[in-house]
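Reader: I should like to learn how to read the features of a protein model, beginning with its sheets. Would you guide me through this one?

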Amino acid sequence: MTDSQQFRFQSGFPKIGIRPTIDGRRKGVRESLEEQTMLMAQSTAALISEHLRYPNGEPVECVIAESCIGGVAEAAACADLFAKSGVGVSITVTPCWCYGTETMDMDPAIPKAVWGFNGTERPGAVYLAAVLSGYAQKGLPAFGIYGEDVMDSGDPTIPQDVQGKLLGFARAGLAAAYMRGKAYLSMGSVSMGIAGSIVNDSFFQEYLGMRTEYVDMTEFVRRMDETIYDPGEFEKALAWVKENCAEGPDNNPEEIQTSRERKDQDWETVVKMTIIARDLMIGNPKLAELGYEEEAQGHHAIVSGFQGQRQWTDHFPNGDFMEAMLNSSFDWNGIRAPHIVATENDSLNGAAMLFGYLLTNTAQIFADVRTYWSPDSVKRVTGHTLTGAAENGLLHLINSGPATLDGTGEQQKDGKPAMKPFWDITQDEAQKCLDATSWRPASVEYFRGGGYSSDFLTRGGMPMTMSRINLVKGIGPVLQIAEGYSVDLPEEVHNVLDLRTDSTWPTTWFAPILTGAGAFRSVYEVMDQWGANHGSISYGHIGADLITLASILRIPVNMHNVPETDIFRPRAWGLFGTANPESADYRACHNYGPLYK
Ligand SMILES: C[C@H](O)[C@@H](O)[C@@H](O)C(=O)CO
Ligand SMILES: [Mn+2]
């Protein structure tokens, strides 16, 4: 990892705190349980560190309480240790009965779970039920975990179903803990009246624990004019771009095409914009060496958005190259963690991208949800009958070039197209993503200031999840989720459909999985129920993790196609009703309110 990457992660990562709770009765009971209880804590920590990684690729760290927790004094000592150690998520583990309210984790801002060993020699699951009733009574949502099958006392293994819940909770808890205290950086203001780019400080502050930072786009002009960037990096980047970013044909009517000279100048501008946007987000120690200590600090941004349209793009090259490169897992500095940047400053799509990124450590595709192509419409204009995952119709996901180049699908997992965490991406795969992308001179009617849009076609067969946050006055944020697949169309069919729209932009053909109910009755219905013009698309079926994260943040989910058996929310959600989990979710989120209010 390069220095600038380390610098970016300098504020460190939240740890997972493990709390082994125990029956406090000495002279027999406690002594007989110490070893088994501590072992549960150790094996939980080992499971987490083995399977989960931080955004810089290092294993997630756990902190185990110094002693088992048999009562309030030990609970308080553990809370002190956790506060000192940077613990952001807690998991309580026990094989036995313990005293509920005396041993519980009382910190309201820490996502919490309890694993009660399912044995019958000692009643871990009875403690679990008792302490969860305490959490419900005290308004502190907690996740409850116990295995389906009864185990023998002293069995040190973690059953598969318990592993799944521990890891699912830990992934979502860490995502919530990591975004806390970071910033959304709004570069510019509202783009073309898009409501999601009215960056809402209450949403970020109260639901995500984040700041909102705002810079005017004139800051880019100042930094370009006054050379407030690393000129050495600029030269390196420009040479790399000439080598690796092939310019595609100009699609503009001949009379409005820009000159070669202007196009070359645009390349220089978009490369500078990319470096500047990154420096604005995370800072750059190099700027301090150049005499710009304040600028070197950056805005502590974990996600940003660029207004672009219209004032900027009416005069300067558009933000597509900058957004696409920052969102990708590689650039002239090599393979690295993606930066999360929302186009058109759509901060609500940016927040969904952030969720997807923190849950998977992979890049996210930003796209317009542009067109529902029914099987009949495709047949009418191309003569082609849609089959396979696409048989019920397709959504055309396409925007003016901000999508991550990882979205080409040129990386592989088990020989199939994939998007991977940066530490699993090979040089060859990064190169293939670049080679599959051409940079088309921007459509000048839309973008008077020129620039370049990335043009690629996502490979089919990737499991994908599209999500989006919408703000509803009177409710607050709600999350929508659609799991599905990217789809390959025969080349001539793709060309006919793509040429009807802006063919200089990247396309993902997406087929949501239908369930036959609600918004997932049909592909048409999914498009019709989408709450805004944009979606964030993640590799993999991550709907269950998104639902767990949303419940931690008290954001209700208004549509999803995740199988009910995969859904994991705090135990108290069931106390709001069990026959209709969707409306119970709304009532629970409303009851608890935002996590940081
Ligand atoms: C060029 C156009 O303004 C596009 O950028 C527009 O279709 C959008 O992406 C709206 O979200
Ligand atoms: Mn858009």
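Author: Strands of a sheet pair through backbone hydrogen bonds, either parallel or antiparallel. Here an open sheet of four strands has the order β7-β6-β8-β11, and the pairing is parallel. Two strands count as paired if DSSP finds at least two bridges between them; helices (H or I, at least four residues) and strands (E, at least two) are DSSP runs numbered from the N terminus. This is a predicted model, in which local features need pLDDT of at least 70, side-chain atom pairs count only at pLDDT 80 or more, and totals for chains, interfaces and linings use all residues. Residues are numbered from 1 along each chain as its sequence is written, while chains are lettered from A and ligands numbered from 1 in the order in which they are written.

Reader: Which are the edge strands of this sheet?

Author: They are β7 (211-215) and β11 (341-343), each of which pairs on one side only. Neighbouring strands are turned by 20° against each other on average, direction ignored. Such angles run from 0 to 180 degrees between N-to-C directions, with axes as lines fitted to C-alpha atoms, for helices over the stretch in contact. Strand β6 (residues 183-187) is joined to β7 by five bridges and runs parallel to it; serine 186 stands opposite tyrosine 214 of β7.

Reader: Which helix lies across β8 and β11?

Author: Helix α13 (residues 320-327) does, running at about 145° to β11.

Reader: To which strands is β12 joined, parallel or antiparallel?

Author: Strand β12 (residues 365-373) is antiparallel to β21 (residues 534-539), with four bridges between them. Isoleucine 365 stands opposite isoleucine 537 in β21. Four bridges also join β12 to β13 (residues 394-398), again antiparallel, and there threonine 371 has histidine 396 as its bridge partner.

Reader: Where does UniProt place the feature "active site"?

Author: The unreviewed UniProt entry places it at Glu344 and Asp368. UniProt positions follow the numbering used here, feature names are shortened, and annotations may be inferred rather than shown by experiment. Although spread over 25 residues of sequence, the two cluster in space, with a largest C-alpha distance of 10.7 Å. Glutamate 344 is found in the loop between β11 and α14 (347-360).

Reader: How should one describe the packing of α2 and α6?

Author: Two packed helices are described by the angle between their axes and the distance between the axes. For α2 (residues 29-51) and α6, the angle is about 65° and the axes are 10 Å apart. The contact (C-beta atoms, placed from the backbone, within 7 Å) is made by Thr44, Leu47, Ile48 and His51 of α2 and by Gln163, Leu166, Leu167 and Ala170 of α6.

Reader: How is the protein divided into domains?

Author: Domain bounds come from an automatic or database domain assignment. Domain 1 spans 3-179 and domain 2 spans 183-592; their C-alpha centres lie 35 Å apart. The contact between them takes 27 residues from domain 1 and 30 residues from domain 2. On the side of domain 1 that touches domain 2, α1 (3-8), α5 (124-138), β5 (143-145) and α6 (160-179) each supply at least two residues. The largest share, ten residues, comes from α6.

Technical notes. Two residues are in contact if their C-beta atoms, placed from the backbone, lie within 7 Å.
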